[in-house]
Amino acid sequence: DIMVASSIAGGVVATITSPLMAIKTNQQINPRGFRQTMTELYAAPRGGAFFSGFGPHLFCDSFGRMCYLSCYELMKRSIVQSRQYDLGNGDGINDTRDLSLQERMICAGASGMICWTIIYPADVLRSRMYANALVECRPGLLQMAKSIYNEEKSLKPFYRGLGVTVLRAAPVAAAVLPVYDFAHAWLTKAN
């Protein structure tokens, strides 16, 4: 359930945020205001400039969220199962409500790091494709992947910046996911 729900949520988010990613990326690399950037993207050749990086964006948001939340839940459940095994209580119930904040933070931080490590090459593709949204002969996904690979004739360019991204992912996830858990438990109890 978690895998399907988080993947669907990511797909919906990707569809809504793709035009915003195109605008943001182009504003970062070109000194123009929001309205001018939006107008230029709308008038760009070949149409679809707002969705120029949609394939990798969809992958990052749908598969990425699925990976992120599934890893988090699996890690929490494995702690519970390990405790049950240590206590000789193998009833198979995976109730994660009794996990400490620290255990949740470790699971969340690790899941964020794992997720970003997996999706990072697609994030590089997404950024480059959105950055090229206004180019007349915009490269497609495979052309862009080949172009990135050919920069150094290796996979290195697909991982440039991964270290800082993974470093950032751990504390962000360690804050967000446990807060979600506690808020969800509080709201469930309140109803």
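# Reading a predicted helical model

Modeller: Start with Met66, which is buried at a relative accessible area of 16%. Keep in mind that this is a predicted model.

Colleague: Where is Met66 placed?

Modeller: Met66 sits in helix α3. Leaving out neighbours within four places in sequence, Met66 is in contact with Met3, Ser6 and Ser7. Spacing along the chain is another matter. Met66 and Pro31 are 35 residues apart along the chain, and 35 Å separates their C-alpha atoms.

Colleague: Let me step back to the whole chain. How many helices and strands does the chain have?

Modeller: The chain has 6 helices and 0 strands. In sequence order the pattern reads α-α-α-α-α-α. The C-alpha trace spans about 65 × 45 × 25 Å along its principal axes.

Colleague: What percentage of the residues in the chain is buried?

Modeller: Of the 191 residues, 38% are buried. The accessible surface comes to about 11300 Å², and carbon and sulfur atoms account for 65% of that area.

Colleague: Among contacts between residues at least 6 apart in sequence, what percentage joins residues at least 24 apart?

Modeller: The figure is 73% for this chain.

Colleague: On to the interior. Which residues touch the most other members of the largest nonpolar core?

Modeller: The general idea first. Nonpolar side chains in soluble globular proteins tend to be buried together. Here the largest nonpolar core has 23 residues, and Trp116 and Ile148 touch the most other members. Elements giving two or more residues to this core are α3 (54-86), α4 (101-131), α5 (141-150) and α6 (162-190). Helix α4 gives the most, with 10 residues. Another core lies apart from this one; it has 9 residues, including Ala22, Ile23, Phe50 and Ala133.

Colleague: Which residues does Trp116 touch, not counting those up to four places away in sequence?

Modeller: The list is Asp123, Arg126, Leu162, Thr165, Val166, Arg168 and Ala169. Take Asp123 from that list. Asp123 is found in helix α4. Its relative accessibility is 14%, so Asp123 counts as buried. Neighbours within four places aside, Asp123 is in contact with Cys60 and Trp116.

Colleague: Now the surface. Which residues form a nonpolar patch there?

Modeller: Met3, Val4, Ile8, Val12 and Ile16 form one, with about 490 Å² of accessible area together. Ile16 belongs to helix α1 (residues 2-29).

Colleague: Is Ile16 buried or exposed?

Modeller: Exposed. Its relative accessible area is 57%, and the cut-off for exposed is over 50%.

Colleague: How many salt bridges does the structure hold?

Modeller: The general idea is simple. Side chains of opposite charge can pair when their charged atoms come close. This structure holds 9 salt bridges. Glu73, Lys76, Arg104 and Asp181 are linked in a network of them.

Colleague: How do I read an individual pair?

Modeller: Look at the N to O distance, then at exposure. Glu152 bridges to Arg160, with the closest N and O atoms 2.0 Å apart. Glu152 is partly exposed at 38% relative accessibility, and Arg160 is partly exposed at 44%. Glu40 pairs with Arg32, where the closest N and O atoms are 2.7 Å apart. Glu40 has 26% relative accessibility and counts as partly exposed. Arg32, at 22%, also counts as partly exposed.

Colleague: What about Arg126 and Asp61: buried or exposed?

Modeller: Both are buried. Arg126 forms a salt bridge with Asp61, and the closest N and O atoms are 3.6 Å apart. Arg126 lies in helix α4 and Asp61 in helix α3, so the pair ties together parts that are 65 residues apart in sequence.

Colleague: How many disulfides does a search of the whole structure find?

Modeller: The search finds 0.

Colleague: Why is there no bond between the sulfurs of Cys67 and Cys71?

Modeller: Distance decides. The closest cysteine sulfur to that of Cys67 is in Cys71, 4.0 Å away, which is too far for a bond. The cut-off is 2.5 Å between sulfur atoms. Cys67 is itself buried, with a relative accessible area of 7%.

Colleague: And which cysteine sulfur is closest to that of Cys107?

Modeller: Cys71 again supplies the closest cysteine sulfur, at 10 Å, too far for a bond. Cys107 is buried, with a relative accessible area of 3%.

Terms used: Residues are numbered from 1 along each chain as its sequence is written. This is a predicted model: local features need pLDDT of at least 70, side-chain atom pairs count only at pLDDT 80 or more; totals for chains, interfaces and linings use all residues. Side-chain values use heavy atoms; hydrogens and water are left out. Patches are made of residues with over 30% relative accessible area and no salt bridge: like charges are joined within 9 Å, nonpolar side chains (Val, Leu, Ile, Met, Phe, Trp, Tyr) within 5 Å. Accessible areas come from the Shrake-Rupley method with a 1.4 Å probe; for residues, only the protein chains shown count as cover. A salt bridge is a side-chain nitrogen of Lys or Arg within 4 Å of a carboxyl oxygen of Asp or Glu. Helices (H or I, at least four residues) and strands (E, at least two) are DSSP runs, numbered from the N terminus. Buried means under 20% relative accessible area, exposed over 50%, partly exposed in between (1.4 Å probe, protein chains only). A nonpolar core is a set of buried Ala, Val, Leu, Ile, Met, Phe, Trp, Tyr and Cys residues joined through side-chain atoms within 4.5 Å. Contact means heavy atoms within 4.5 Å.
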